[in-house]
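Biologist: Please take one part of this model and go through it closely. I would like to know how its strands are paired and what lies in the nonpolar cores.

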Amino acid sequence: MSLSFRTAAPSDLEKLISIRIAAMKESLTNVGRFDPERARERFASKFQPERTTLVLRRKQIIGFYVLFTKDNHLWLDHLYIDPTTQGSGIGSAVMKKIVDISCREKLPIKLCALKESRANNFYQKHGFKHTHSEDWDHYYTRSYSMEISPN
């Protein structure tokens, strides 16, 4: 699988919104909170291109993640892969890149995932440990010293 990465530009916003909405639709529908306009506004209001890494295959944007240092850890704020390409190992390849950053920086990764999202299984499969839950989300941490299993 040949993936490349680059920092987002302001002009990428609409494409990223469409990927995020498509990726979140099932989970948000499951909890009765799917509202594409609200999702658009929330993401656009906090979009920081310089913190956003695009995932490209054959020069096409197929996903993105937002990872930044916060206190004594890395915070994975977003990780979305276009649903039409999910299930092909792209998410695992991106997670390996994120874990490599964590190991290099010697910082654990923290994140949250919507309770009804299939992403919870993905994160647990990649070594994230559930720490606590709040109203809508589960919170996870992954140590920087762990390797990703080959499966």
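**Strand 7 and the cores**

Modeller: In this predicted model, K110 has T141 of strand 7 as its bridge partner. That pair belongs to a longer match: strand 5, residues 109-114, and strand 7, residues 137-142, run antiparallel and are joined by 6 bridges. T141 also has K129 standing opposite. Strand 6, which covers residues 129-133, pairs with strand 7 over 4 bridges, again in the antiparallel sense. Strand 6 and strand 7 make a hairpin, and 3 residues lie between them. Strand 7 is therefore paired with both strand 5 and strand 6, since two strands pair if there are at least two bridges between them.

As general background, side chains in a regular strand alternate between the two faces of the sheet.

Now the cores. The largest nonpolar core has 22 residues, and those touching the most other members are Y65, L76, L79, V94, M95, I98 and Y123. Two or more residues come from each of strand 3 (60-70), strand 4 (73-81), helix 3 (90-105) and strand 5. Helix 3 gives the most, with 6 residues.

L79 can serve as an example. Setting aside neighbours within four places in sequence, L79 is in contact with F64, Y65, V94, M95, F122 and Y123. Apart from this core lies another, of 21 residues, which include L13, I19, M24 and L114.

Key: Residues are numbered from 1 along each chain as its sequence is written. This is a predicted model: local features need pLDDT of at least 70, side-chain atom pairs count only at pLDDT 80 or more; totals for chains, interfaces and linings use all residues. Side-chain values use heavy atoms; hydrogens and water are left out. A nonpolar core is a set of buried Ala, Val, Leu, Ile, Met, Phe, Trp, Tyr and Cys residues joined through side-chain atoms within 4.5 Å. Buried means under 20% relative accessible area, exposed over 50%, partly exposed in between (1.4 Å probe, protein chains only). Contact means heavy atoms within 4.5 Å.
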